[in-house]
Amino acid sequence: KEEIEKLKEDNKKLKEKLNEVELKEYSFTREEINLLAKCVEAEAGDYKNHKNSQKYVCQVILNRLKSGKFPNTLKKVIYQKNGNIPQFSVAYNGAMNRKVSTETLANVYDVIVHGTNLPSYVLYFYSASVEENWVNTLNTYSVVEGTVFAYSSKK
């Protein structure tokens with residue numbers, strides 16, 4: 001009887017924890033996930049050396065998708081231009097034309113399902129080696145594996 005009570009209590013605690021978990025609500029086709037993974041790998045670099053920056057690049061793209069400040073489809077976010085300037089140059093320079101690695105694809109799936117600790121207001125990233133450019137005026141959230149993750153405001 002004591003064991004049953006303990007199991008009931010454990011079950012109750014588990015249910016409470018599950019209610020606290022924030023589930024991501026994305027619905028992507030296989031083609032969209034592949035497009036996202038290609039963009040992530042082209043922007044952040046290979047999985048072996050850039051696993052964490054890949055996760056953050058992916059999260060920035062998802063943050064843009066949800067923000068209301070950028071287009072509302074994954075494809076439109078990735079191929080968006082501001083004037084004649086692409087938001088993601090890799091979408092236009094051929095860098096996304098190669099097959100994406102299985103590791104990067106798994107990394108992207110992980111971010112889609114579990115998210116990251118990157119706040120939703122972080123909507124930009126750029127190489128730490130970038131010199132004079134408008135992106136340098138943004139607020140830096142974090143620098144990961146040579147990539148700066150930034151925001152214009154916390155709203």
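Colleague: Okay, Glu145 first: what does Glu145 count as, going by relative accessibility?
Modeller: Glu145 counts as partly exposed, at 31% relative accessibility. For the cut-offs, buried means under 20% relative accessible area, exposed means over 50%, and partly exposed is in between, with a 1.4 Å probe and protein chains only.

Colleague: And before I trust that, what kind of model is this?
Modeller: This is a predicted model, where local features need pLDDT of at least 70, side-chain atom pairs count only at pLDDT 80 or more, and totals for chains, interfaces and linings use all residues. Residues are numbered from 1 along each chain as its sequence is written, and side-chain values use heavy atoms, with hydrogens and water left out.

Colleague: Got it. Where is Glu145 found?
Modeller: Glu145 is in the loop between β4 (139-144) and β5. Those labels come from DSSP runs numbered from the N terminus: helices are H or I with at least four residues, strands are E with at least two.

Colleague: What about phi of Glu145?
Modeller: Phi there is near 50°, a positive value in a residue other than glycine.

Colleague: Let's zoom out. How many helices and strands does the protein have?
Modeller: There are 5 helices and 5 strands. Reading from the N terminus, the order is α-α-α-α-β-β-α-β-β-β. The C-alpha atoms fill a box of roughly 70 × 35 × 30 Å along the principal axes.

Colleague: And which percentage of the 155 residues is buried?
Modeller: Buried residues make up 35% of the 155.

Colleague: Fine, now a buried one. Where does Ser53 lie?
Modeller: Ser53 lies in helix α3, residues 47-67. Ser53 has a relative accessible area of 0%, so it is buried.

Colleague: Which residues does Ser53 touch?
Modeller: Leaving out residues up to four places away in sequence, Ser53 touches Ala44, Val144, Glu145, Thr147 and Phe149. A contact here means heavy atoms within 4.5 Å. So there's our Glu145 again, touched by Ser53.

Colleague: What about Gln59 in α3: buried or exposed?
Modeller: Gln59 is buried, with a relative accessible area of 5%. Gln59 touches Tyr26, Val111, Gly115, Thr116 and Leu118, again not counting residues up to four places away in sequence.

Colleague: And Asn49, also in α3, what is its relative accessible area?
Modeller: For Asn49 it's 46%, so Asn49 is partly exposed.

Colleague: Change of topic: at what angle do α2 and α3 pack?
Modeller: About 125°, with the axes of α2 (residues 30-44) and α3 9 Å apart. That makes α2 oblique to α3. Axes are lines fitted to C-alpha atoms, for helices over the stretch in contact, and angles run from 0 to 180 degrees between N-to-C directions. Under 35 degrees counts as roughly parallel, over 145 as roughly antiparallel, 65 to 115 as roughly perpendicular and the rest as oblique.

Colleague: Is the crossing of α2 and α3 left-handed or right-handed?
Modeller: The crossing of α2 and α3 is right-handed. A crossing is left-handed if the near helix is turned anticlockwise from the far one by less than a right angle, and right-handed if clockwise.

Colleague: Which residues meet there, in α2 and α3?
Modeller: Leu36, Cys39, Val40, Glu41, Glu43 and Ala44 in α2 meet residues of α3 that include His50, Ser53 and Gln54. The residues of this contact divide into 8 nonpolar, 3 polar and 2 charged. Ala, Val, Leu, Ile, Met, Phe, Trp, Tyr, Cys and Pro count as nonpolar, Asp, Glu, Lys and Arg as charged, and the others, Gly among them, as polar.

Colleague: And how do α2 and α5 pack?
Modeller: At about 110°, with their axes 9 Å apart. α2 and α5 are therefore roughly perpendicular to each other.

Colleague: Last topic, rings. How many aromatic pairs are in the whole structure?
Modeller: A search finds 6. One of them is Tyr79 with Tyr92, an edge-to-face pair at 5.7 Å centre to centre and 90° between the planes. Rings of Phe, Tyr and Trp (its six-membered ring) pair if their centres lie within 6.5 Å; planes under 30 degrees apart count as stacked, over 60 as edge-to-face and the rest as tilted.

Colleague: Which residues form the aromatic cluster?
Modeller: Tyr56, Phe88, Phe125 and Phe149 form one cluster. Phe149 is also one of the residues that Ser53 touches.
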